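Here are some notes for a first look at this structure. Please read them with the model open.

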Amino acid sequence: MTMKRTSTKKNIGKKQKLNTEDTIDYTKSLTSEDAETIEPGFEELDNVDNPVQTKTEIKTQANKKKVPKTDKENKSSKKIKGKPNTKNDDKPTEKPNWKEFKKEKQELRLKRKTQKCPFYEAVVKAKKLWESVRRDDCPKDKKETLLNELFKFSKSHLETMVFSHDTARIVQWMLKLGTPEIRSQVINELIKHVPKMLLSKYACLCVKNMLKQGDAEQRKIIINSLKGKVYTYTLHTNSAKIMDLIYTTYATPEQQNTMMHELYGASSILCESPNVLSFAEVLKNSPNTKDIILAKTKDHIRKFVLKQKTSMQTTLVHNLIYEYILYTSGKDCDELFTSLKEFPIELFYTSKSGCLLAMYIIWSANSKEKKAILKQIKTTASTRDLATSEYGYLILLALFDSVDDTVLVKKTIIPEILNNIDTIATDEYGRRVILSLVAWRDSSYFHPRDIELLKKGEPMKECKKDDDVRVKELLNAVSDRFLQHIQDNPNFWLSSGSIAMVLLGILKSGSGEKLKEAMTSIANYLIDPSNKIEDKDVKVPVYEHSGLHMVLRKIIGHDKSLVENNETTFSEILSSIITTDTLKSWVQCNRACFLLIAMIESEVQLALENIKSLMSTTMMNLLKKQTFSGAKVLVTKLNSKAAKE
């Protein structure tokens with residue numbers, strides 16, 4: 001036992017020799033290329049002192065003794081992309097046939113498309129027919145035939161076609177140009193897939209056409225299929241605008257209420273109350289769930305605000321936020337207002353509730369935030385769009401009422417108004433913007449509803465200037481420019497009764513030499529017999545137009561105020577340029593006689609003297625021959641004035 005232990009200890013530190021007979025032949029693991037490079041003497045490794053080598057050592061030695069390849073051999077061994085393999089011979093290969101090569105590629109591509117789309121051939125035929133149908137020079141009879149064939153090829157594949165860009169266009173054209181029967185069949189085929197289609201970038205456009213071309217019953221089915229999904233779809237990028245279109249254009253009042261209830265988070269609670277119209281009524285009718293509805297609504301608003309480019313442009317969301325602010329009276333809405341102030345103003349004036357919401361944002365803003373809003377409007381050049389928008393003009397009126405920095409208003413908004421006077425004055429809503437600058441909250445021009453709405457912001461807005469000071473500063477910024485435009489373009493301001501009402505507001509707010517020049521220009525245009533305007537499909541002199549006649553009488557009626565302010569009156573100017581020929585034609589017109597009566601009643605001494613000097617015996621005899629009421633009243637007025645003297 002002792003001897004064995006000793007021998008074992010002696011052998012511990014030594015490297016044990018392996019039996020060469022039991023070793024593995026590592027040369028078998030070499031590749032054929034490696035084996036060919038091994039020198040002939042390599043097989044006799046067993047006779048050297050250290051016959052056993054590892055696999056790595058064998059490969060290393062073998063690689064060292066490889067014969068390096070030449071550059072020519074390396075180049076020939078590489079495969080060229082897109083070309084057939086060349087031989088290793090030095091002889092040049094034949095030039096490939098590129099036409100056949102491209103043809104093979106096309107056939108391969110076609111084969112893959114066919115495998116990917118089982119009805120690929122039907123789609124190709126449908127595209128060819130579509131290209132013919134959509135041409136303007138396609139005859140009507142041929143178009144109907146082609147549409148029938150197109151529908152035949154597409155009918156069984158419509159569900160899949162609406163989700164692809166090119167084929168979705170084909171479906172849209174079938175809905176647009178197809179016969180009522182084809183449209184109805186296409187809609188009936190797709191109507192059950194509407195919820196899925198709304199989430200698709202291309203299929204949602206087909207839904208838009210389905211709503212437009214479908215009948216009332218089909219629209220009802222489409223809208224009812226969206227129950228319980230209104231919030232989700234309003235939040236989605238592709239479907240948000242279609243949901244807004246449904247709400248504003250196609251939904252009935254009951255369906256609109258149902259859609260809003262889902263946004264309130266109260267659809268399950270109010271399923272038996274379809275006649276509930278507003279958010280306040282919802283909470284009033286649900287006292288036990290009031291806190292739950294408020295919390296859900298607030299959470300929905302927060303998520304909509306994050307979707308700035310999609311949801312925040314819809315009337316649905318505008319209504320939701322505005323009703324929430326109305327119910328809370330703006331309390332606990334500071335965080336909401338802060339987020340909304342960062343949004344461009346263009347997001348809001350697309351709807352009434354959006355514009356009202358923008359007004360609340362302006363009223364709650366501090367001077368720095370108002371400055372940012374004004375600069376943003378100037379940067380986007382959206383003043384004209386706001387002024388001519390159905391509700392956008394209210395945003396400008398709110399800015400005029402709440403911005404103390406009138407100098408900034410003059411630099412940002414006023415120049416755009418002055419540069420687009422014609423466009424703004426011609427527009428129904430644009431006229432209110434001009435009148436708000438020259439006749440602030442005057443009930444003669446503004447509906448009481450608009451005045452009450454603007455007064456709602458008084459408790460909220462942060463203003464240091466008095467309203468009178470701010471209004472006067474804005475008036476001074478625009479008055480002379482407006483009067484100059486009247487002087488240069490009297491024909492524009494007397495082109496219709498509605499534009500003439502703006503003319504009246506500008507003249508009543510004007511003063512000084514500019515006012516005199518503007519009134520002179522109006523008077524000269526008025527007495528020119530060649531200037532006529534269409535009234536009830538008949539060309540008549542300007543003073544005979546019903547709307548313009550009323551405005552002219554009001555301008556003359558304002559002379560009493562001008563006399564008190566020592567200003568030149570319109571009656572003085574007009575009476576001084578009336579000639580005998582002009583008066584002769586006027587006394588033979590009913591409304592012209594009433595203008596003369598208005599000048600006499602204005603009690604402007606100079607005007608009265610001018611009219612009397614023109615009323616010769618011959619003129620009075622001509623006037624007495626007239627049978628209309630204007631001539632009779634004028635004779636009475638002249639006789640009474642003569643009697644007093």
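1. A term first. A helix here is a DSSP run of H or I with at least four residues, and helices are numbered from the N terminus. With that in hand, glutamate 603 can be placed in the loop between helix H38 (590-601) and helix H39 (605-614). Glutamate 603 is not a glycine, yet its phi is positive, about 60 degrees. Its relative accessibility is 61%, so it counts as exposed, the cut-off being over 50%.

2. Now the overall picture. The model is predicted. The protein has 41 helices and 2 strands. It runs to 645 residues, and 43% of them count as buried. Take the contacts with a separation of 6 or more: residues 24 or more positions apart account for 67% of these.

3. Next, the core. In soluble globular proteins, nonpolar side chains tend to be buried together. The largest nonpolar core here has 181 residues. Val171, Leu340, Phe348, Trp493, Trp586, Met615 and Leu623 have the most contacts inside it. What does leucine 340 contact, leaving aside its neighbours within four places in sequence? The partners are Val305, Met312, Ile321, Phe348, Leu357 and Ile361.

4. Val171 leads to helix H9, where it is one of the buried residues. The others are Thr167, Ala168, Ile170, Gln172, Trp173, Met174 and Leu175. H9 covers residues 165-177. Its 13 residues should span 18 Å at 1.5 Å a residue, and the end C-alpha atoms are 19 Å apart, which agrees.

5. Ile321 leads to helix H19, where it too is buried. H19 is mostly covered, with 12 of its 14 residues buried. Among them are His318, Asn319 and Glu323, along with Leu316, Val317 and Leu320. The helix takes in residues 315-328, with an expected span of 20 Å at 1.5 Å a residue; its end C-alpha atoms are 20 Å apart, so the two agree. Serine 329 follows H19 and has a positive phi, near 55 degrees.

6. Two helix pairs deserve a look. Two packed helices are described by the angle between their axes and the distance between the axes. For helix H32 (residues 497-509) and helix H34 (residues 546-557), the axes come within 8 Å and cross at roughly 10 degrees. H32 and H34 are therefore roughly parallel. H32 brings Gly497, Ala500, Met501, Leu503, Leu504 and Leu507 to the contact; H34 brings Gly547, Leu548, Met550, Val551, Lys554 and Ile555. By class, these are 9 nonpolar, 2 polar and 1 charged.

7. The other pair is helix H16 (residues 253-264) with helix H18 (residues 290-306). Their axes are 7 Å apart, at an angle of about 90 degrees. H16 is thus roughly perpendicular to H18. Glu262, Leu263 and Tyr264 of H16 meet Ile293, Lys296, Thr297, His300 and Phe304 of H18. That contact has 4 nonpolar, 2 polar and 2 charged residues.

8. Back to the loops. Arginine 441 lies between helix H28 (430-438) and helix H29 (448-455). Its phi is positive, about 55 degrees, although it is not a glycine. Is arginine 441 buried or exposed? Its relative accessibility is 15%, so it counts as buried.

9. Last, threonine 568. Its loop joins helix H35 (559-564) and helix H36 (570-577). At 25% relative accessibility, it counts as partly exposed. Leucine 515 is 53 residues away in sequence, but 8.4 Å away in space, C-alpha to C-alpha. Beyond neighbours within four places in sequence, threonine 568 contacts Lys516, Met519, Leu562 and Ile573.

Note on methods. Residues are numbered from 1 along each chain as its sequence is written. This is a predicted model: local features need pLDDT of at least 70, side-chain atom pairs count only at pLDDT 80 or more; totals for chains, interfaces and linings use all residues. Side-chain values use heavy atoms; hydrogens and water are left out. The expected span of a helix is 1.5 Å times one less than its number of residues. Buried means under 20% relative accessible area, exposed over 50%, partly exposed in between (1.4 Å probe, protein chains only). Contact means heavy atoms within 4.5 Å. Axes are lines fitted to C-alpha atoms, for helices over the stretch in contact, and angles run from 0 to 180 degrees between N-to-C directions. Angles under 35 degrees count as roughly parallel, over 145 as roughly antiparallel, 65 to 115 as roughly perpendicular and the rest as oblique. Ala, Val, Leu, Ile, Met, Phe, Trp, Tyr, Cys and Pro count as nonpolar, Asp, Glu, Lys and Arg as charged, and the others, Gly among them, as polar. A nonpolar core is a set of buried Ala, Val, Leu, Ile, Met, Phe, Trp, Tyr and Cys residues joined through side-chain atoms within 4.5 Å.
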